[in-house]
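Let's take a walk through this structure by following its charged side chains. Keep the view open as you read, and look up each pair as we come to it.

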Amino acid sequence: MSTTFTEETRLRAREIIARYPADRSRSALLPLLHLVQSEEGYVSPAGVEFCAEVLGLNKAQVGAVATFYTMYKRKPTGDYLVSVCTNTMCDVLGGQAVYDALAEHLGVGHEETTADGKITLEHAECLAACDYGPVMTVNYDFFDNVEPQGALGVVQELQAGGRPMPTRGARLCTLKEMAVQLAGFADERDGAVADGGPGEPSLRGLRLAEQHGISVPGYDPKTPIRSKAEADRAAAEAKAKAEAEKPASGSTAPDVKAPDDKSPQVRTAETRQPDARTPVADAPGTKVPTDGPAPAPRDARAAEAAGAAANPPAGDGKPAGDAAGAQERNLKDAEAGTDADGVDPADANGTGVRK
Ligand code: FES
């Protein structure tokens, strides 16, 4: 049994696994990989071994999943991961110039970390925030409409020990702290969950719907757009309710903590901007079709890796989201000895080295 990880991590691992049906426990792998990353700053061979042990998998299976997603880092990563979108839209708007300025200032390239271990720089694929392009994120929090000088200012503040406020979302935390949240545990800093709010481009559709009396059937048109204070109050009430519903001490319940208010409050699009889909009127004959797919989360990379935590398998036993589905396919590939992801499933040391 791996002895690398602390008792707190082991307790959290049991809590994560308990969120899934007993016969589907391996669906807990994605949040568990974030969990080991929260302790070591990356998914080390020991982290792969730990996940394999607690889920009854082999290291090749865990390695196959860990190497599929870019959010799982395979080497030590800085306290702050600066990701600059250089995909098509942001590139056209100047994303590459932002990346180049940061690379020159920091003296590092893609996926490299400064000598003091503080900042890791990376190119990022589309961060699903094209309407704010060019964008960059620091530990997955957004800085919108950045240009080289502004991006340099953010990085210089980080180097000086500060934590600049993102354009949207909660205040910055370290990458390890963010990994705890991505593992499905709440950000417990006072008021952090309600920090910031949606940006105006995100609300543009809502404003147009208001203007034209369009709504989506099934939603209560009286649903208010919550203020920050109201969101804080709702979170406090939900927490108090969960506390009141906890089993009394001395209960014979399993020693694994049941999901409560600390269940996956990961910072997906749902938690960042719950009001963006709020309808405001219900004018007959102007309804928006609802048989299409649900709106895509804005923070696609958070949704990608947090999907399994936030969407446990459905009652029919099938994975409930794309991330869970991809994980399932990877596990099957590993079991079948195939290597659809370019990962050698026979990788006995669990490092999942790409061919
Ligand atoms: S291309 Fe940069 S966020 Fe989409």
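In this predicted model, you can find 10 salt bridges. We will visit a few of them in turn, looking at who the partners are and how much of their surface is open.

Start with R168 and D144, whose side chains meet in a salt bridge with a distance of 2.8 Å from N to O. Where do these two residues lie? R168 sits in the loop between α7 (148-159) and α8 (175-182), while D144 belongs to the loop between β5 (141-143) and α7, so this pair ties together parts that are 24 residues apart in sequence. Are R168 and D144 buried or exposed? Both of them are buried, and since that word is used for a relative accessible area under 20%, little of either residue's area is accessible.

Next, turn to R207 and E200. These two also form a salt bridge, and their closest N and O atoms are 3.3 Å apart. Here the surroundings can be read from the accessible area: R207 is partly exposed, at 29% relative accessible area, and E200 is partly exposed as well, at 46%. This pair does not stand by itself, for salt bridges with shared partners join E200, R207 and E210 into one network.

Finally, look for E245 and K241. Their closest N and O atoms are 3.6 Å apart in another salt bridge. Which description fits these partners, buried or exposed? Both E245 and K241 are exposed, whereas R168 and D144 from the start of our walk are buried.

Terms used:
Residues are numbered from 1 along each chain as its sequence is written. This is a predicted model: local features need pLDDT of at least 70, side-chain atom pairs count only at pLDDT 80 or more; totals for chains, interfaces and linings use all residues. Side-chain values use heavy atoms; hydrogens and water are left out. A salt bridge is a side-chain nitrogen of Lys or Arg within 4 Å of a carboxyl oxygen of Asp or Glu. Helices (H or I, at least four residues) and strands (E, at least two) are DSSP runs, numbered from the N terminus. Buried means under 20% relative accessible area, exposed over 50%, partly exposed in between (1.4 Å probe, protein chains only).
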